[in-house]
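Trainee: Please pick a single part of this model and take me through it closely, then show me how the rest sits around it. I would like each term explained when it comes up.

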Amino acid sequence: MSDASVAERPAGQAPAGAPAFFSCRDLHAYYGESYIVQGVSFELNEGEILALLGRNGAGKTSTLRTIARLASPELRHGEIWLAGEALHEMPAWRAARAGVGLVPEDRRIIGGLSVEENLQLARIEEPLGWSLERLYDHFPRLAERRRQEAVTLSGGEQQMLAIARALARDIRLLLLDEPYEGLAPVIVEEIERILREVRKAGFTTIIVEQNAVAALNLSDRAIILDMGEVVFDGTAREVIANEALRHQYLAI
Ligand SMILES: Nc1ncnc2c1ncn2[C@@H]1O[C@H](COP(=O)(O)OP(=O)(O)OP(=O)(O)O)[C@@H](O)[C@H]1O
Ligand SMILES: [Mg+2]
């Protein structure tokens, strides 16, 4: 891997003593009696992009679901703070209102509605997100297909719609679970371009991706999970430079 494509923007620095924009403190989460998220803690400054990496089953999706306050897995201990709000005390719908936008692996777009109806639906409750016009500027493929039923979109277009729908809401934290999964390289490149624009717009983002190289190229920070625990917390550059770490936990 070369350093050339690493994001140039330095990680944002919060003023000394100020609470981080986003923080997880000692999260412990379970599926029934299965103990999955085992004491995860990390912080993010506003505008930072974090690559959350690790092998299959390491607990990445579970960590995102815990942050989004979905009922499963069950958070039994720990705190989650976003812009001064205590997400750990909220059900999922309130966490969404507080600005958490999860783009899940299965995308969850509404197949029977058109592209535009999917976007409009997202904007009804929170009209402060990106306007349709702005979304279509950034997602020209969606503009061309605005009247098309979402179920008929290609996998890559469905992923674009899922991301666009998150941006249509007034979000403060974007959570992306494997946005490149199952997509052809040319579509991955197109989504990478879009995510670079999202990054410029200053969204604080956590990206989970099997394609660790692509995720690191987009990110300031990196966390590696192994068996539900944080085994590395540093900069994306450090992961790129550390071959032993990459071999041990990422198989790259
Ligand atoms: N609903 C569930 N009930 C019970 N166990 C689950 C459930 N969902 C996930 N797990 C288990 O939790 C562990 C972590 O899963 P998780 O999906 O968070 O991993 P991941 O890092 O996202 O993996 P992948 O890279 O394969 O997506 C795995 O051992 C998985 O089998
Ligand atoms: Mg997963």
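Mentor: The account below starts with one strand and works outward from there.

This is a predicted model, in which local features need pLDDT of at least 70 and side-chain atom pairs count only at pLDDT 80 or more, while totals for chains, interfaces and linings use all residues. Residues are numbered from 1 along each chain as its sequence is written, and chains are lettered from A and ligands numbered from 1 in the order in which they are written.

The part to look at is strand 9, residues 221-226. Strands here are DSSP runs of E with at least two residues, helices are runs of H or I with at least four, and both are numbered from the N terminus. Of the 6 residues in strand 9, 5 are buried, so the strand is largely enclosed by the rest of the structure. Buried means that 20 or more other C-beta atoms lie within 10 Å of the residue's own; exposed means 12 or fewer, partly exposed is in between, and the C-beta atoms are placed from the backbone.

Strand 9 belongs to an open sheet of 6 strands with the order 6-7-8-3-9-10 and mixed pairing. Two strands pair if DSSP finds at least two bridges between them. Strands of a sheet pair through backbone hydrogen bonds, either parallel or antiparallel. Both kinds occur at strand 9. Strand 3 (residues 49-53) runs parallel to strand 9 and is joined to it by 4 bridges, and L53 has I224 as its bridge partner there. Strand 10 (residues 229-235) pairs with strand 9 in the antiparallel sense over 6 bridges. I224 has its strand 10 partner in F232, and L225 stands opposite V230. The hairpin of strands 9 and 10 leaves 2 residues between the strands, and M227 takes a positive phi near 50 degrees in it. The edges of this sheet are strand 6 (100-103) and strand 10, each of which pairs on one side only. From one strand to the next, the twist averages 15 degrees.

Next comes the nonpolar interior. In soluble globular proteins, nonpolar side chains tend to be buried together. A nonpolar core is a set of buried Ala, Val, Leu, Ile, Met, Phe, Trp, Tyr and Cys residues joined through C-beta atoms within 7 Å. The largest such core in this model has 70 residues, and A164 and L175 have the most contacts inside it. Helix 6 (residues 155-168) supplies its largest share, 8 residues. Two residues are in contact if their C-beta atoms, placed from the backbone, lie within 7 Å. Neighbours within four places in sequence aside, the contacts of L175 include L64, I67, V100, L102 and I206. E178, in the loop between strand 7 (173-177) and helix 7 (185-200), has a positive phi near 50 degrees although it is not glycine. With 21 C-beta neighbours inside 10 Å, E178 counts as buried.

There is also an open sheet of 4 strands, with antiparallel pairing and the order 2-1-4-5. Its edge strands are strand 2 and strand 5 (85-86). Helix 1 packs on this sheet, touching strand 1, strand 2 and strand 4, and its direction makes about 70 degrees with that of strand 2; axes are lines fitted to C-alpha atoms, for helices over the stretch in contact, and angles run from 0 to 180 degrees between N-to-C directions. Strand 1 (residues 22-31) is joined to strand 2 by 8 bridges, and F22 stands opposite L44. D26 lies in strand 1 and has a positive phi near 55 degrees; D26 is exposed, with 11 other C-beta atoms within 10 Å.

The last stop is ligand 1. Among the residues that surround ligand 1 are Y31, N56, G59, K60, T61 and S72; a residue is near a molecule or strand if its C-beta atom, placed from the backbone, lies within 6 Å of it. Helix 1 gives the largest share of this shell, 3 residues. The shell has 3 nonpolar, 8 polar and 1 charged residues, where Ala, Val, Leu, Ile, Met, Phe, Trp, Tyr, Cys and Pro count as nonpolar, Asp, Glu, Lys and Arg as charged, and the others, Gly among them, as polar. S72 is joined to P73 by a cis peptide bond with omega about 5 degrees, and P73 is in the loop between helix 1 and strand 4.
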